[in-house]
Amino acid sequence: MPVLNEASACVSLAQARALQLHAQGLLQAPRRRARRDDVVAAIERMRLLQIDSIHVVARSPYLVLQSRLGDYPMDWLDEALAAGRIAECWAHEACFVGARDFAAHRAWRERAGHWAHRHAERMRLEQREVMADVLGHVREHGPARAADFSRTDGGNGAGWWEWKPEKRALEAWFTLGELMVLRRERFQRVYDVAERVLAGFDPPFVPCAPDAARLRRRFILDSVQALGIAQARWIADYHRLKPSVSARELAPLVAAGELLEVTVAGWPAPGYVHPAHADALAKARAGRLRATHTALLSPFDPLVWDRARALAMFGFDYRIECYVPAAKRRYGYYVLPILHRGALVGRLDAKAHRAEGVFEIKALYLEDGVAPAPRLVQELAAAIARCARWHGTPQIRLAHCQPESLAPALRAAWREVGSESAVSGT
């Protein structure tokens, strides 16, 4: 295992940022066109890919991949699931994980204490009849969607908590591991019994049954590797570990060479790096890990979903406002952080009007102190145009900008590029 000596184990905050972006696949733009295997590789690199169904722009898992892979067909994610190369489970929240990592998640499921598991156990105890009927139906008749069950309780099905009993039963059995997601059809889950889904895994499924301490250690190490560099207080959130991870717990891992302890300038606590990133850490310290990528990020991107981490790493105070009442929103409903050359420089409230082919930017804000310098304008304009084309909405409609001078500069950049994007204002 690579070991750093005390004299060398010190990095600046900018170097720590570069290391985290490297680990997350966001340091530089892709150097070639995406391939199918890149979807699975990106998920394995991040260790998980959070699922969210909001689709004012592309649903979050697809957008997280676009920021790393560039222009790729969204169907590739669905194909990877249907081919058994990735699987769905509860991890950070509902997530895609690599098939090779699923056994550990399955073994950890009951020990994790996740809210979804507690809810599913309550459903199993309180709704025994519907739970048994739904599981029996899938076992006898094969893969099923929630839509295959007729609603019998008189509800209208509107909203998260108005799911019909059969949908709640499917979700509960999924959480408890009796059912798995075989594939998705128009993003709707198709469930089947776990043994039939696992039989189609690639690579083949091999059960994992280590004790709780070994599983926890594995997820701690996986979290640090996915983050590139992390303070102890950030580690538990990545896989929703309980209790929180402390420096005392990490000390034996450092002593064994399974983690590297690093001093980061300005941090009140040490940072931890996985030995897999030892070479990247050395490059960062030598100034050879340069951030050059500009991209729009999903609100549920691993880089920003932990508000405290995003603030400490990037000075970026970010809140996912789609769950905030409209009157209390500051920036908008579905606001995408803007990554530019190693910094989070702004945020963009967007909506993709697919039928009209329009990518609407309701508002775009640069962070305080970020000036719309020519390189930023050019690279941001290109990133927005790429994202809009990938959505199938190449016409960009730009409204409010802060600072106001950014809007004409972006429009000029789009015209200069001469892409298919047609620029319009409000």
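**Exercise 1. Determine how helices α2 and α3 are oriented relative to each other, and which residues join them**.

Helices α2 and α3 are roughly perpendicular to each other, a class that covers angles of 65 to 115 degrees, whereas angles under 35 degrees count as roughly parallel, over 145 as roughly antiparallel and the rest as oblique. The model is predicted, so that local features need pLDDT of at least 70 and side-chain atom pairs count only at pLDDT 80 or more, while totals for chains, interfaces and linings use all residues. Residues are numbered from 1 along each chain as its sequence is written, and side-chain values use heavy atoms, with hydrogens and water left out.

Step 1: the axes of α2 (residues 36-46) and α3 (residues 60-69) cross at roughly 100 degrees and come within 11 Å; axes are lines fitted to C-alpha atoms, for helices over the stretch in contact, and angles run from 0 to 180 degrees between N-to-C directions. Helices are DSSP runs (H or I, at least four residues), numbered from the N terminus.

Step 2: D38, V39, A42, I43 and M46 in α2 meet V64, L65, R68 and L69 in α3, where contact means heavy atoms within 4.5 Å.

Step 3: sorted by class, this contact of α2 with α3 holds seven nonpolar, no polar and two charged residues; Ala, Val, Leu, Ile, Met, Phe, Trp, Tyr, Cys and Pro count as nonpolar, Asp, Glu, Lys and Arg as charged, and the others, Gly among them, as polar.

**Exercise 2. Find the residues with the most contacts inside the largest nonpolar core, and list the contacts of L65**.

Step 1: the largest nonpolar core (buried Ala, Val, Leu, Ile, Met, Phe, Trp, Tyr and Cys residues joined through side-chain atoms within 4.5 Å) has 141 residues, and L65, L364, I384 and L410 have the most contacts inside it. Its largest share, nine residues, comes from helix α15 (residues 374-391).

Step 2: with neighbours within four places in sequence left aside, L65 is in contact with V39, A42, I43, M46, L49, G70, Y72 and L77.

**Exercise 3. Establish how many disulfides there are, and describe the surroundings of C95**.

Step 1: a disulfide requires a pair of cysteine sulfur atoms within 2.5 Å, and by this rule the count is zero.

Step 2: for C95, which is in no disulfide, the nearest cysteine sulfur is that of C89, 6.5 Å away.

Step 3: C95 counts as buried because its relative accessibility is 0%, buried meaning under 20% relative accessible area, exposed over 50% and partly exposed in between (1.4 Å probe, protein chains only).

Technical notes: Helix = DSSP H or I, 4+ residues; strand = E, 2+ residues; numbered from the N terminus.
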